[in-house]
Amino acid sequence: QVIKCKAAVLWEANKPFSIEEVEVAPPKEHEVRIKIMATGICRSDDHVITGALVVPFPIILGHEAAGVVESVGQGVTSFKPGDKVIPLFIPQCGECKSCLNTKGNLCSKNDIALGSGLMPDGTTRFTCKGKAVHHFLGTSTFTEYTVVSESSLAKIDSAAPLEKVCLIGCGFSTGYGAALQTAKVEPGSTCAIFGLGGVGLSVVMGCKAAGASRIIAVDINSDKFAKARELGATDCINPKDFEKPIHEVLIEMTGQGVDYSFEVIGRTDTMTAALACCHHNYGVSVIVGVPPAAQKITFDPMLLFTGRSWKGSVFGGWKSKDAVPKLVADYMNKKFVLDPLITHTLPFAKISEGFDLLRRGK
């Protein structure tokens, strides 16, 4: 049966969301239809609104959520109605080169690079006012019901609080994994984190969990420092308080630069600053923030020649289907907290207010 429900449709860039009635088609073969119970908002969604991330319109955004299976398509054996689930914007097909390689997690079935806005079969499950509406990253969670591919879904503990573990669908896992999986931060090391949004704070938690001795949090909004300290930051610095470039400040603070640095904003100038602030020979810098479309980076290659490593991290380096249920179990076993990452809880109709809060750094 087709389900009629409410969704936040974005008809074009730089326009507000429009809460519309949409039709959600039944799941096809190897697809699952989910009732979304909670969704987080992420800067990547905002990048679409501003045009920094290019996608086809109209579209239903959202990629950080948790829900309950409503129905399953033909051939689906690993999910049944009633299961608690988290949609995965990085699928895990288990068959492509990245899935088969122990070092890889960016399944070739992902829609980040393609940006097709369609299901794997090249069609959409959403219609609004007679028009086809595109999917976002194979998830589309700003709707009461969505359809995802079986490879883009993880079944989680039925006792998990969905309004909290939805963050494991993107923000928390991305930051926490960047420290633990991508950088592989070691006990006693020094770290610098540029950007203290939800993902940056999750990097702070990952560095602390890894046993880093010094965790330097960097942000131009000093209001974010109290929470960063609560989650494990040992120092907090605001680049606006210094005359000299921030990488020089960090090198002076640490003697030779940090062991690990993380850029969690998505700006090219902070990416090069994060690279420059890590140790010239064995420092590792990780790009976690989504880079802006059509921008190029210019830097002195000597920064890399001396031995530094520059890495990217997508979804924290986790193999999504394998890792998400385990991360939810770790949360249930109190291995980490999620509450400090949740600042506001709003009804779905106030989604635009949520984005306003995000843009104001609240």
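This is a short talk on a few local features of one predicted model, from its strands and helices to its charged side chains.

Before I start, residues are numbered from 1 along each chain as its sequence is written, and side-chain values use heavy atoms, with hydrogens and water left out. Because the model is predicted, local features need pLDDT of at least 70 and side-chain atom pairs count only at pLDDT 80 or more, while totals for chains, interfaces and linings use all residues.

Let me begin with an open sheet. Five strands form it in the order 4-1-2-7-8, with antiparallel pairing; here strands (E, at least two residues) and helices (H or I, at least four residues) are DSSP runs numbered from the N terminus, and two strands pair if DSSP finds at least two bridges between them. Strand 4 (59–60) and strand 8 (131–133) stand at the edges with a single partner strand each, so one side of each is left without a neighbour in the sheet. At one of these edges, strand 1, which covers residues 3–10, pairs with strand 4 in the antiparallel sense over 2 bridges, and there the bridge partner of Val9 is Ile60 in strand 4.

Next, please find strand 11. Are its residues mostly covered or exposed? Strand 11 is mostly covered, with 5 of its 5 residues buried, where buried means under 20% relative accessible area, exposed means over 50%, and partly exposed lies in between, using a 1.4 Å probe and protein chains only. Both faces of strand 11 are covered, since Thr190, Ala192 and Phe194 are buried on one side and Cys191 and Ile193 on the other. Strand 11 runs parallel to strand 12 and is joined to it by 5 bridges, and Thr190 stands opposite Arg214 in strand 12.

Strand 11 also takes part in covering helix 7. The buried residues of helix 7 (residues 246–254) are Ile246, Val249 and Leu250. Seen down the helix axis, these buried residues fall within an arc of 95 degrees, so they line one face of helix 7; the arc is that of the directions from the helix axis to the C-beta atoms. What covers them includes strand 11 (190–194), strand 12 (214–218), strand 13 (235–237) and helix 8 (268–276). Just after helix 7, Gly255 takes a positive phi of about 90 degrees.

Now to two individual residues, starting with Val85, which is found in strand 6 (residues 84–87). Val85 counts as buried because its relative accessibility is 0%. Leaving aside neighbours within four places in sequence, Val85 is in contact (heavy atoms within 4.5 Å) with residues including Ile34, Val68, Phe79 and Leu153. The C-alpha atoms of Val85 and Lys35 are separated by 9.6 Å, although the two residues are 50 residues apart along the chain.

The other residue is Glu263, in strand 14 (residues 260–263). Which side chain of opposite charge is nearest to Glu263? It is Arg267, 6.3 Å away, and Glu263 is buried yet has no salt bridge; Lys and Arg count as positive and Asp and Glu as negative, while His and the chain ends are not counted. A salt bridge is a side-chain nitrogen of Lys or Arg within 4 Å of a carboxyl oxygen of Asp or Glu. The side chain of Glu263 does reach the backbone nitrogen of Ile265 at 3.1 Å, and the backbone nitrogen of Gly266 lies 2.9 Å from a polar atom of that side chain. Beyond its neighbours within four places in sequence, Glu263 is in contact with Phe194 and Val288, among others.

That brings me to the salt bridges themselves. Side chains of opposite charge can pair when their charged atoms come close. By the rule I gave, the count comes to 16 salt bridges. One of them joins Lys15 and Glu12 at 3.4 Å, N to O, where Lys15 is partly exposed at 43% relative accessibility and Glu12 is partly exposed at 40%.

A further salt bridge joins Asp339 and Lys164 at 3.5 Å, N to O. Asp339 lies in the loop between helix 10 (320–332) and helix 11 (351–359), and Lys164 in helix 3 (residues 162–165), so the pair ties together parts that are 175 residues apart in sequence. Asp330 and Lys335 also meet in a salt bridge, at 3.4 Å, N to O; Asp330 is partly exposed at 24%, whereas Lys335 is exposed at 57%. Finally, Lys28, Glu31, Asp121 and Arg125 are linked in a network of salt bridges.

How values were computed: Polar contact = N/O pair within 3.5 Å; in protein donor to acceptor, adjacent residues only side chain to side chain.
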